[in-house]
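Biologist: I'd love a close look at one part of this model, taken slowly and with the surroundings filled in. Could you walk me through it once it is on the screen?

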Amino acid sequence: MVQNKSDYYINGYSVYKTEFNPESVYYDDKTLTVDWDNGDKSDYHFLWLRDNCDCDKCVTNLSKEQVFEICDVPFDIKPNSVELTSDNMINIIWDYEGHESSYHPAWLKQHCYSQKARENRILLPKVWDKNKIDKQLPIYEYKSIMNDDKSLLSWLYDLRDFGISKIENVENKLKTVQKVAERISFIRKTNFGTVFDVVSKANANSAAYTTLRLPLHTDLPTRELQPGLQFLHCLINDASGGESIFVDGFKIAEYMRDNFNDDYKALTKLPMSFYNKDKASDYRFDSPMIITDHNGKIIEIRLANFLRGPIDVPAENMQILYRAYRQFILLTRDEKFQFSYRLNAGDLIVFDNRRILHSRNAFDLESGDRHLQGCYVDKDELLSKIRVLEREL
Ligand code: OGA
Ligand code: ZN
Ligand code: ZN
């Protein structure tokens, strides 16, 4: 399955472009070292190399998935021989079963796991405040998103990095929001439907379906997995009021980390309780409001004041959590963090619901109608679509 061309390499569906070549290759008792022609150095453990052999015996041609399991070779497996070929492949014959593996330089370089390489691979969000987003809000045309894959990809990069974007001149037809979302992938259906109508309803099962102000929130923090992307298409906004505010939750979290560190720690460690009860459903989820990964990087915010249950933490932590919760909300109310915008019919705002907080002011239906349609798409769909488009464009 190795398609060995000197300038690129296809592994599964991924295309690897050769940027650098090995200058020399040598090894000790655990790792193989490659000195690259740009001065970089990479170490690869033998176990890791053996695990990533992509010969026809280790990876099935049917699905391009691995069939080999690493526990079927000795833990101390090592090469009997290593060869750097004239076309820059690295060939290894292993000391177990005489198995032969061949590695392309482009693949090896891209999967180098030195600290520097791993740091370079971390995608940093473009965190924003009012000043920044007022100047840099990504704005796209509906027609170009729908018809042109290059615009689609550019929009998806912006959405990934800024966490928010506006699409203008969207067709004023019901379910158009679904058509746009499906340019990315499957819709995440919820108890509020595939496409939900944000209108004031007689028997509202959410504060969203009233004329009340909605404070800054993420949608469905009550769920194990909060919807990743939220789409809100404005069909009519003639009622007075109803202005929108968006805040980058990562910015607030960073600000808290730097200025109110004890409160920040409380929100990353102590769980908030989120509840959403309806006739046929009863969702509850306990989670810290600021979620960090194994490196301490801020990766998610959960917040909806109107979707909370009674806080359930040890007594000695109750005031600590309340102090931090109040502080977070007070910061979101500071205009210097807010992107304020009044939706126009034909606008579609798409944002990262696990990062960007959104709100609307109360509105008055005496003065006109208001109707938005929304839906969700999970965030790994966005990242997957980016990778697939990158293969083609
Ligand atoms: C919602 C919501 C915003 C709006 O439906 O969850 O936040 O402007 N709506 O009505
Ligand atoms: Zn193999
Ligand atoms: Zn909402």
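Here is where I'd like to start: does His358 count as buried or exposed, and at what relative accessibility?

Modeller: Happy to, and please keep in mind that this is a predicted model. His358 has a relative accessibility of 6%, and because buried means under 20%, His358 counts as buried. That residue is a good entry point, as it takes part in two things at once: a metal site and a ligand shell.

Let's take the metal first. His358 binds the zinc ion (ligand 3) through NE2, alongside His217 (NE2) and Asp219 (OD). These protein donors lie 2.0 to 2.1 Å from the ion. Along the chain, the donor residues follow the spacing H-x1-D-x138-H. Asp219 sits in the loop between strand 13 and strand 14 (229-237), whereas His358 belongs to strand 23, so this pair ties together parts that are 139 residues apart in sequence. Asp219 is buried as well, with a relative accessible area of 12%.

Now for the ligand. His358 is one of the residues surrounding ligand 1, and the others are Val198, Ala208, Leu214, His217, Asp219, Arg360, Arg370 and Leu372. By type, this shell divides into 4 nonpolar, 2 polar and 3 charged residues. An N or O atom in the side chain of His358 is 2.9 Å from an oxygen atom of ligand 1. His217 also places a polar side-chain atom 3.1 Å from an oxygen atom of the ligand, and for Arg360 the corresponding distance to a ligand oxygen is 2.8 Å. Taken alone, ligand 1 exposes 290 Å², of which the protein buries 96%. The elements that give two or more residues to the shell are strand 13 (214-217), strand 23 (356-360) and strand 25 (370-377). His217, Asp219 and His358 therefore appear twice in this picture, as donors of the zinc ion (ligand 3) and as part of the shell around ligand 1.

It may help to set this beside the other zinc ion. The zinc ion (ligand 2) is coordinated by Cys53 (SG), Cys55 (SG), Cys58 (SG) and His99 (NE2), at 2.1 to 2.3 Å. Its donors are spaced C-x1-C-x2-C-x40-H along the chain. The 4 donor atoms subtend angles of 102 to 117°, which makes the arrangement tetrahedral. Two of these donor residues, Cys53 and Cys55, are both buried.

Back to strand 14, which bounds the loop holding Asp219. His233 is found in this strand and is buried, with a relative accessible area of 0%. The His233 side chain reaches the backbone oxygen of Glu171 at 3.4 Å.

A few further places are worth a look as you turn the model. Helix 7 (residues 176-184) has 7 of its 9 residues buried, so it is largely enclosed by the rest of the structure. The buried residues there are Thr176, Val177, Gln178, Val180, Ala181, Arg183 and Ile184. Ser281 lies in the loop between strand 17 (272-277) and strand 18 (282-287), and at 14% relative accessibility it counts as buried. Between Ser281 and Asn191 there are 7.7 Å in space, C-alpha to C-alpha, although they are 90 residues apart in sequence.

How values were computed:
Residues are numbered from 1 along each chain as its sequence is written. Chains are lettered from A and ligands numbered from 1 in the order in which they are written. This is a predicted model: local features need pLDDT of at least 70, side-chain atom pairs count only at pLDDT 80 or more; totals for chains, interfaces and linings use all residues. Side-chain values use heavy atoms; hydrogens and water are left out. A residue is near a molecule or strand if one of its heavy atoms lies within 4 Å of it. A polar contact is a pair of N or O atoms within 3.5 Å; within protein, one must be able to donate a hydrogen and the other to accept it, and residues adjacent in sequence count only if both atoms are side-chain atoms. Accessible areas come from the Shrake-Rupley method with a 1.4 Å probe; for residues, only the protein chains shown count as cover. Helices (H or I, at least four residues) and strands (E, at least two) are DSSP runs, numbered from the N terminus. Ala, Val, Leu, Ile, Met, Phe, Trp, Tyr, Cys and Pro count as nonpolar, Asp, Glu, Lys and Arg as charged, and the others, Gly among them, as polar. Donors are N, O and S atoms within 2.8 Å of the metal (3.2 Å for Na, K and Ca); water is not among the atoms, so sites may look incomplete. Four donors count as tetrahedral if all angles lie between 85 and 135 degrees; four count as square planar and six as octahedral if opposite donors are over 155 degrees apart and all others between 65 and 115; anything else is irregular. Buried means under 20% relative accessible area, exposed over 50%, partly exposed in between (1.4 Å probe, protein chains only).
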